[in-house]
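Welcome, and take a moment to turn the model around before reading on. We will walk through its pockets and then the place where its chains meet.

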Amino acid sequence: MSNRLINILVPAVSVVLGLLVGALIMLFTGYDPIEGYAALWNGIFGDIYAIGETIRQITPYILAGLAVAFAFRTGLFNIGVEGQLIVGWFAAAWVGVAFTDLPAFIHLPLAVLAAAVAGAFWGFIPGLLKAKLKVHEVIVTIMMNYIALFVTNALIRYVSDGGDNTGRIAESASLGSPFLQGLTDFSRLHYGILIALAMVFVMWFILEKTKTGFELKAVGFNQNASEYAGMNVSRNIILSMVIAGAFAGLAGAMEALGTFQYANVKGGFTGIGFDGIAVALLGANTPLGVVFGATLFGALQYGSLNMPNEAGVPVEIVSIVIAIIIFFVASGYVLRLFLEKISSKKEAK
Amino acid sequence: MGAFLEALYFIVPVSIAYAAPLIFVAIGGVFSEKSGVINIGLEGLMVMGAFVGIVFNLTFADQLGGSTIWFSLLAAMVVSGIFSLLHAVASISFRADQTISGVAINMLGVAIALFAVKLIYDKGQTDYVSEQFIRFDIPVLSDIPFIGPMFFSDVYSTSILAIAVAILAWFVIYKTPFGLRLRAVGEHPMAADTMGVKVNRMRYIAVVLSGMLAGIGGAAYAQSISYEFSHSTINGQGFMALAAMIFGKWHPLGAMGAALFFGLAQSLKIVGGSIDFIDQVPTVYLDILPYVLTILALAGFIGKASAPKAIGQPYIKGKR
């Protein structure tokens, strides 16, 4: 079996095993797995409305996945997507609410840009600390997640005079699309999916077609060699976190300008940022892989909402399945060993 | 001065109560990370502990009466210990990225707990437990002027246990052969292996210890502060414990000190409104204080916090 095939087989086998474990759990807890998964399927593909909502859910997942994957290519683990997303969400919503008489072709890009800048700034801090002071980015980004949560909550209360919601954004900043809504039986599908797909291309272009991308990847492979080759390692680490943060900020813009059209005080995290880790992992940190990963996990998460109604199965079963898939992909070393064993046996015959 | 003292007598016991669960979990983190295994999964392990503690309490309160709370701690310890094996197997034997495995533990902990709550109770949160940890005044000691009302009144037994665990952990890690091996495995596993220490076995023990302590911490929190279990019961306490471990520089007593300090920040947020001056401080500053301080500590502005050297790397025999 070729290495390339195994690289694709490991995530594929992990997904199958994850779903299988999910079925076993349903079986042992007295739920009907076939009914459960049928409800999941209907939740994703049941009608044109469900499909529209599924694509809407996939949109921020793509961007969150890119935010993890991009940093990972420079050897950085960005657990801070959640925080970068939240500040992006607030920034976009605030720009959406604060300006009321701008034309759409200025207002919308401004709001999107604000989200990207806010996310980028939230990524810049751990990047700077990593580059200049060698502070591990995992811990800093986790801490930044909580700081983001509390600071944005306070800001939302501040701008809304003590309320818990910024109020609805101006129509001129909305990503909402009557055309896409009409196409999907009035789901909340919005133009954000185009931005997400454009960013997939941007990530591919930066990494594969530019000198900067080459340097970013080189730093990810070997910092010392990159330094020796005359690259500025600090600059590349910071840049990587800034770009990753911008992707995550855009994921927040999807929620602020597309799905919800406001920002509200949150009691906890959205979960999109953490699922982004799963997305990037499944997609092997490549732009196209992220699209596949986001499609799978976004669809599963949205489809799971149908499971309690149709089959009586708690939605959490899907989070269990996703976590188990992560375990299998992360333990790829063992799976790889197993797959190689099978293939060498076949070749021996 | 009188009013200030009154405020102190009020705040200090509450702070210690909030700190106790953090201490358990942070000490758990110290064990795992001293052995070289990153444990981001503390949050998930703590959630599992809180869930098991509450369910056990609700189920057996009628039979066990007053001792229910202690058996609940025990049950939470056992289940979270077993749950942490998943992290151990993935990150030690299967050489998975320890951070990713920890993320999966967090996701899985919350998901399993909520799935089970819905399965058992057919709703998203449990009822309140009738058997709870209650505060008491320690006889004689609480009569000492000044110190008495501050440290020995309105005490939870979990607080005493937490401080005892921290001191015990310090003794085990720094004064026993086991502790020496634990630290050796986290600093230089190859050297430890050469001296006959079983690296992976030590790491398994450390990770399971962290799971057990996180389980106790979760059950202690659930039975002394929240009294029920829902999706928002733990809500970041595990990550705050992780922060305490780092702010305490991977030292058991340091972690305890940091946890006490973070407990103070949390209690000020809750009771601060009734105290002059503190009610002027917007709560957001108290909210973010633990996290900002941890970043500053890591950046070296508050002494240098440095992790065990071999942290995050699976040990592969024979590989240089």
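**Pockets and a shared interface**

In this predicted model, the largest pocket has a volume of about 1,600 Å³. To find its centre, look for A:F269, A:T270, A:G271, B:V110 and B:H231, the closest to that point among the 49 residues of the lining. Both chains contribute elements here: two or more lining residues come from each of α3 (48-73), α6, α12, α13 (287-304) and α15 in chain A, and from each of α2 (42-64) and α4 (98-121) in chain B. Which element gives the most to this lining? That is α4(B), with seven residues. By residue type, the lining of the largest pocket holds 23 nonpolar, 18 polar and eight charged residues.

Now move on to the second largest pocket, which holds about 940 Å³ of space. Its lining counts 32 residues, and those closest to the centre are A:K130, A:H136, A:E137, B:I38 and B:I311. At least two lining residues come from each of α6 of chain A and α4 and α10 (237-247) of chain B. Here α6(A) gives the most, with three residues. The lining of the second largest pocket divides into 17 nonpolar, eight polar and seven charged residues.

With the pockets in view, let us turn to the contact between the chains. On one side are 41 residues of chain A, and they are in contact with 39 residues of chain B. How much area do chain A and chain B bury between them? The value is about 3,500 Å², with 84% of it on carbon and sulfur atoms. Three residues are worth finding on the chain A side: A:M143, A:Y146 and A:F327 supply 19% of the area that chain A buries against chain B, more than any other three residues.

What about specific polar links? The rule finds one salt bridge across the interface of chain A and chain B. In a salt bridge, the side chain of B:K118 meets that of A:E316, at 3.0 Å from N to O. Two residue pairs in polar contact are also found across this interface, both at pLDDT 80 or more.

Finally, see which helices build the side of chain A that touches chain B. At least two residues each come from α5 (104-133), α6 (137-159), α12 (272-282), α15 (316-330) and α16 (332-348) of chain A. With eleven residues, α6(A) gives the most to this side. Its residues, taken across the whole side of chain A that touches chain B, divide into 34 nonpolar, five polar and two charged.

Methods. Residues are numbered from 1 along each chain as its sequence is written. Chains are lettered from A and ligands numbered from 1 in the order in which they are written. This is a predicted model: local features need pLDDT of at least 70, side-chain atom pairs count only at pLDDT 80 or more; totals for chains, interfaces and linings use all residues. Side-chain values use heavy atoms; hydrogens and water are left out. Contact means heavy atoms within 4.5 Å. Buried area is the accessible area (1.4 Å probe) that two parts lose on being put together, summed over both. A salt bridge is a side-chain nitrogen of Lys or Arg within 4 Å of a carboxyl oxygen of Asp or Glu. A polar contact is a pair of N or O atoms within 3.5 Å; within protein, one must be able to donate a hydrogen and the other to accept it, and residues adjacent in sequence count only if both atoms are side-chain atoms. Helices (H or I, at least four residues) and strands (E, at least two) are DSSP runs, numbered from the N terminus. Ala, Val, Leu, Ile, Met, Phe, Trp, Tyr, Cys and Pro count as nonpolar, Asp, Glu, Lys and Arg as charged, and the others, Gly among them, as polar. On a 1 Å grid over the protein atoms alone, a cavity is a set of points where a 1.4 Å probe fits but cannot get out, and a pocket is an open set with protein on both sides within 12 Å along at least five of seven lines; lining residues have an atom within 4 Å of a point. Grid points are joined across faces, edges and corners, and a volume is the space filled by probe spheres set on the points.
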